[in-house]
Amino acid sequence: MATPPPPPPPPAALPALHTQLASLEREKTRLTTQLLSLRASRPVASASATASTATTTTTTTTPPLSDSQILSHVFASSTTNHAAARTRLHRIAGITTFAVRDPSPPHEKLLGIRIEVFAERTFRIPHYILLSLPDTSSAPKSGTFTIHRHTLPPFLPLARLSLLHARSLSAFVRALRRAMLLHARREAAAMKLKRQALAAAAAAVEDVEWDAEVALVTVTWGNGSKAWIRVGEEGDVGKVVVVGGSGGRERGLERKIVGGGLEGVAGRMGW
């Protein structure tokens with residue numbers, strides 16, 4: 001049997017490519033080791049910044065951090081995370097405070113309060129209050145907070161609540177948010193009543209309207225009858241007047257409507 005011919009010699013350029021590949025692998029290993037060393041001896045933020053901005057292979061050796069420096073960095077990160085979590089918790093609770101400097105004279109520092117209300121699975125438009133606090137350094141028990149500016153609707157009892165809780169800022173803010181929450185619930189009940197009334201063909205209701213405070217709800221029927229429903233702060237129906245198309249009082253309808261809260265009117269009317 002004839003001996004097979006030997007394989008052809010490799011191209012002249014192939015050994016050079018193998019040499020270059022081995023050199024690149026060594027350089028990759030060196031840079032990886034150097035990067036891991038830097039990450040181990042620096043805080044995370046510093047190591048990330050170094051990795052993202054490095055453009056050359058020439059680096060300077062950073063001495064390792066001491067135990068006190070590492071503990072200081074961990075404590076600072078923990079404090080920042082705790083403050084952020086507390087801010088998110090306050091927003092979920094509905095009240096957030098922040099500092100404000102008034103650009104107009106006398107350039108006093110103001111306390112800003114953001115109040116949010118969640119109703120019907122939706123966050124309502126937030127409202128803001130800027131308060132001027134008394135100087136308690138010279139006379140700790142003298143003076144009360146003053147409402148500087150606000151975005152609250154005019155029907156909210158702002159003046160009454162501020163006088164009632166003049167010495168307790170936290171009680172004032174809680175009472176104000178409660179009033180906003182009750183208003184949002186009354187508004188949601190009125191919107192639900194309108195949807196139910198217009199959807200019930202047998203009811204023959206043309207429209208359901210209410211004022212900004214949702215203290216008076218008006219129901220209009222196609223036959224000319226009209227009902228005026230007085231709504232309390234917590235959504236209870238206080239008094240009802242129903243006038244028929246001929247101008248007479250509809251006592252039977254009045255007794256049906258006045259039996260409970262606003263959110264139950266549609267059920268009591270059979271809509």
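Start the tour at the largest pocket, which holds about 260 Å³ of space; a pocket here is an open set of points on a 1 Å grid over the protein atoms alone, where a 1.4 Å probe fits and protein lies on both sides within 12 Å along at least five of seven lines, and its lining residues have an atom within 4 Å of a point. The volume is the space filled by probe spheres set on the points, which are joined across faces, edges and corners. Select R185, R186, A189, E234 and E263, which are the closest to the centre among the 13 residues that line this pocket.

What you have open is a predicted model, in which local features need pLDDT of at least 70 and side-chain atom pairs count only at pLDDT 80 or more, while totals for chains, interfaces and linings use all residues. Residues are numbered from 1 along each chain as its sequence is written, and side-chain values use heavy atoms, with hydrogens and water left out.

Next, select helix α5, residues 169-199, which gives the most to the lining of the largest pocket, with six residues. Helices (H or I, at least four residues) and strands (E, at least two) are DSSP runs, numbered from the N terminus.

From the helix, move to the open sheet of four strands in the order β1-β2-β5-β6, whose pairing is antiparallel; two strands pair if DSSP finds at least two bridges between them. At its edges stand β1 (95-101) and β6, each with a single partner strand, so one side of each has no neighbour in the sheet. Neighbouring strands are turned by 30° against each other on average, direction ignored. Between β5 and β6 there are four bridges in the antiparallel sense, and I129 has H150 in β6 as its bridge partner. Helix α5 lies across β1, β2 (109-115), β5 and β6, running at about 35° to β2; axes are lines fitted to C-alpha atoms, for helices over the stretch in contact (heavy atoms within 4.5 Å), and angles run from 0 to 180 degrees between N-to-C directions.

Now select the second open sheet, with four strands in the order β7-β8-β9-β10 and antiparallel pairing. Here β7 and β10 (237-243) stand at the edges with a single partner strand each, so one side of each is left without a neighbour in the sheet. Neighbouring strands of this sheet are turned by 15° against each other on average, direction ignored. Five bridges join β8 to the antiparallel strand β9 (residues 226-231), where T218 stands opposite W228. Helix α5 packs on this sheet too, touching β7, β8 and β9, and its direction makes about 175° with that of β7.

Which residues does A203 contact, leaving aside its neighbours within four places in sequence? They are A197, W221 and W271. A203 lies in the loop between α5 and β7 (205-210) and is buried, with a relative accessible area of 11%; buried means under 20%, exposed over 50% and partly exposed in between, with a 1.4 Å probe and protein chains only.

In that loop you also find A204, a residue other than glycine with a positive phi near 55°, which counts as partly exposed at 44% relative accessibility. Finish at V214, in the loop between β7 and β8 (216-221), where phi is positive at about 55° although the residue is not a glycine, and which counts as buried at 0% relative accessibility.
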